[in-house]
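Q: Please take a close look at the interior of this structure, and describe how its loops, strands, rings and empty spaces are arranged there.

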Amino acid sequence: LFLTGPPGVREPEAARRIVAEGIQVIADEAERAGVVAALEPIQREFAHFWTLVSTLREAAALLEQAGQPGLPLLFDTWHLWNDELLFEDIDRYAGRFAGVHVADWRAATRNTNDRVFPGEGIAGLPRILGALEAAGYRGWYDVEIFSDAELEGSLWRLEPAEAARRAVAGFESVWAAR
């Protein structure tokens with residue numbers, strides 16, 4: 001997967017042109033290497049740190065601008081859960097998802113690395129996973145956790161086996177509830 005990076009000091013359209021050229025290079029290199037490269041939209045609340053695109057629609061438009069309308073998208077529940085057009089976009093783009101990252105949104109999220117296991121937050125994961133399935137998505141799911149060690153309740157403080165157990169149990173719980 002890849003991100004666009006923020007526009008920085010550039011005007012948004014100038015930044016988009018630079019990123020579009022970069023996407024062409026990424027697509028060519030991915031094809032040459034025989035790997036899948038997918039663009040991941042990033043949570044709009046933290047977009048200024050990481051990206052030009054925060055919705056599936058924006059990501060697809062940027063790929064179109066780059067002349068790569070067939071390049072896949074990476075779906076991340078933590079980044080997309082609060083997009084008002086999410087369910088419409090799941091129906092529209094499900095056939096383009098290279099994979100789905102699953103993490104839940106902590107009710108009082110403290111920073112970009114403050115996620116919780118599936119089912120422990122407020123993102124409505126059963127509904128999202130149900131929509132993905134209903135739209136025909138049959139690909140890979142992975143539990144993606146970021147957590148800053150200095151934060152109280154950090155997931156990095158867990159023993160790895162306990163973190164893995166909770167990740168699996170959480171995913172199985174939200175999957176069953178879809």
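A: Asp114 is found in the loop between β3 (104-105) and β4 (115-116), where strands (E, at least two residues) and helices (H or I, at least four) are DSSP runs, numbered from the N terminus. This is a predicted model, in which local features need pLDDT of at least 70 and side-chain atom pairs count only at pLDDT 80 or more, while totals for chains, interfaces and linings use all residues. Residues are numbered from 1 along each chain as its sequence is written, and side-chain values use heavy atoms, with hydrogens and water left out.

Asp114 has a relative accessibility of 0% and therefore counts as buried, a term that stands for under 20% relative accessible area, with exposed meaning over 50% and partly exposed the range in between (1.4 Å probe, protein chains only). From C-alpha to C-alpha, Asp114 is 6.2 Å from Phe146, although 32 residues separate the two in sequence. Another contact of this kind involves Ala27, which belongs to helix α1 and is buried at 6% relative accessibility; its C-alpha atom is 7.5 Å from that of Gln68, 41 residues away along the chain.

The strands can be taken next. β1 is joined to β2 by 4 bridges, and the two run parallel; strands are said to pair if DSSP finds at least two bridges between them. Leu74 has Gly99 of β2 as its bridge partner, and Asp76 has His101 of β2. Both faces of β1 are covered, since Leu73 and Phe75 on one side and Leu74 and Asp76 on the other are all buried. In β2, 5 of the 6 residues are buried, so this strand is largely enclosed by the rest of the structure. β2 also pairs with strand β5 (residues 141-143), in the parallel sense and over 3 bridges, with Val102 standing opposite Val143 of β5.

The aromatic rings come next. Rings of Phe, Tyr and Trp (its six-membered ring) pair if their centres lie within 6.5 Å, and planes under 30 degrees apart count as stacked, over 60 as edge-to-face and the rest as tilted. By this rule there are 10 aromatic pairs. One of them is the stacked pair of Phe46 and Trp78, with 5.9 Å centre to centre and 5° between the planes. This pair links distant parts of the chain, as Phe46 sits in the loop between α1 (12-33) and α2 (47-50) and Trp78 in helix α4 (residues 77-80), 32 residues apart. Phe46 and Trp78 are both buried. Phe75 and Phe97 form a tilted pair, with 5.1 Å centre to centre and 55° between the planes. Because Phe75 lies in strand β1 (residues 73-76) and Phe97 in strand β2 (residues 97-102), the pair ties together parts that are 22 residues apart in sequence. Phe75 and Phe97 are both buried, and ring pairs link them with Tyr137, Tyr141, Phe171 and Trp175 into a cluster.

Two arginines are placed over ring faces, which requires CZ of Arg (or NZ of Lys) to be within 6 Å of the ring centre and within 35 degrees of the ring normal. Arg115 lies over the face of Trp78, at 4.0 Å from the ring centre, and Arg127 over the face of Phe87, at 3.7 Å.

Arg115 leads on to the empty spaces. On a 1 Å grid over the protein atoms alone, a cavity is a set of points where a 1.4 Å probe fits but cannot get out, whereas a pocket is an open set with protein on both sides within 12 Å along at least five of seven lines, and lining residues have an atom within 4 Å of a point. Grid points are joined across faces, edges and corners, and a volume is the space filled by probe spheres set on the points. The largest pocket holds about 200 Å³ and is lined by 14 residues, of which Leu3, Ile42, His79, Arg115 and Phe146 lie nearest its centre. There is 1 cavity of 30 Å³ or more; the largest cavity has a volume of about 30 Å³, and Gln43, Arg44, Ser54, Thr55, His79, Leu80, Asn82 and Asp83 line it.
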